[in-house]
Amino acid sequence: MTERIRLHKFLAASGVASRRAAEKMIADGKVKVNGNVITTVGFSINPLADKIEVNGKIIQPKGSRQYYLLYKTAGTLTSVKDPHGRQTVIDLLPFKDVFPVGRLDLDTEGLLLLTDDGDLAYRLTHPRFKVKKKYLVLVKGKPGEEKLALLRSGIKLEEGFVSPALVQLLSTHGNKSSLHLTIHEGKKRQIKRMFAVIGHPVIFLKRIGYAFLTLQDLKPGEYRALTRAEVLRLKKMVGLKC
Ligand code: URA
């Protein structure tokens, strides 16, 4: 459960003003929550998920780390900025001071974590910690058991062998098959290259799981803040003190 907090308390705790002055700012219509002017002094917010602005400036909770789970859309870049002005994953979030944990290709959609917690991001993406990432993969043709066995035993890419994957063929329709694939590494275009090696090019790729996290009922482009319990569980998984 994410904790809710009164707007004026949040503003005071974030160093914007004293509680009394913050109450006045709210009453004067200077504060927006998710783009709407709020003049109710007792209004309560979710400091991790709501976008709070005072006179047009976004206010961050003081001293706290940010952790988001985003449903990245295909066509959105996994980077903080793009010199060519294309949409990045940061453009889908209200808070800008975070960075993506690992990356998904431009045409890959699905679960992406973003944070400003460098220690956690480093460990989640380091193969040593074996954090599992689960994908829904649509490929050309129907990979036979011997091809799936290659993925399960760890096939060779240009840079060497990748770790064994968990693979499950879900269905075949026409000349396409869908599979679930779970890996813990994050080499560049790893899944596309793995399926290319076995002769079944990837047509569609979506990340559906990251450690114990799933997209649940998020729609493409939507995000949510991780709960405190989820952050603690992730930290514990990679040996970080909570
Ligand atoms: N593997 C890929 O090939 N692409 C991704 O975006 C993620 C994993």
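Mentor: Let us begin with one contact in this predicted model: a polar side-chain atom of T108 lies 2.9 Å from an oxygen atom of the ligand, and since a polar contact is a pair of N or O atoms within 3.5 Å, this pair falls inside that limit.

Trainee: Which polar backbone atoms lie 3.3 Å and 3.4 Å from an oxygen atom of the ligand?

Mentor: The distance of 3.3 Å belongs to a polar backbone atom of R189, while the distance of 3.4 Å belongs to a polar backbone atom of Q190. As for cover, the ligand taken alone exposes 240 Å², of which the protein buries 95%.

Trainee: Which residues surround the ligand, and how do they divide by class?

Mentor: A shell can be read as a list and then by chemical class. Here the ligand is surrounded by L104, D105, T108, Y135, R189, Q190, I191, K192 and L205, and by class this shell comprises four nonpolar, two polar and three charged residues. Helix α5, spanning residues 190–197, gives the most to the shell, with three residues.

Trainee: Where does the ligand sit, in terms of pockets and domains?

Mentor: The ligand occupies the second largest pocket. Because domain 2 (67–127 + 216–237) and domain 3 (132–210) both give residues to the shell around the ligand, the ligand lies between these two domains.

Key
Residues are numbered from 1 along each chain as its sequence is written. This is a predicted model: local features need pLDDT of at least 70, side-chain atom pairs count only at pLDDT 80 or more; totals for chains, interfaces and linings use all residues. Side-chain values use heavy atoms; hydrogens and water are left out. A residue is near a molecule or strand if one of its heavy atoms lies within 4 Å of it. A polar contact is a pair of N or O atoms within 3.5 Å; within protein, one must be able to donate a hydrogen and the other to accept it, and residues adjacent in sequence count only if both atoms are side-chain atoms. Accessible areas come from the Shrake-Rupley method with a 1.4 Å probe; for residues, only the protein chains shown count as cover. On a 1 Å grid over the protein atoms alone, a cavity is a set of points where a 1.4 Å probe fits but cannot get out, and a pocket is an open set with protein on both sides within 12 Å along at least five of seven lines; lining residues have an atom within 4 Å of a point. A molecule sits in a cavity or pocket if more than half of its atoms lie within 2 Å of its grid points. Helices (H or I, at least four residues) and strands (E, at least two) are DSSP runs, numbered from the N terminus. Ala, Val, Leu, Ile, Met, Phe, Trp, Tyr, Cys and Pro count as nonpolar, Asp, Glu, Lys and Arg as charged, and the others, Gly among them, as polar. Domain bounds come from an automatic or database domain assignment.
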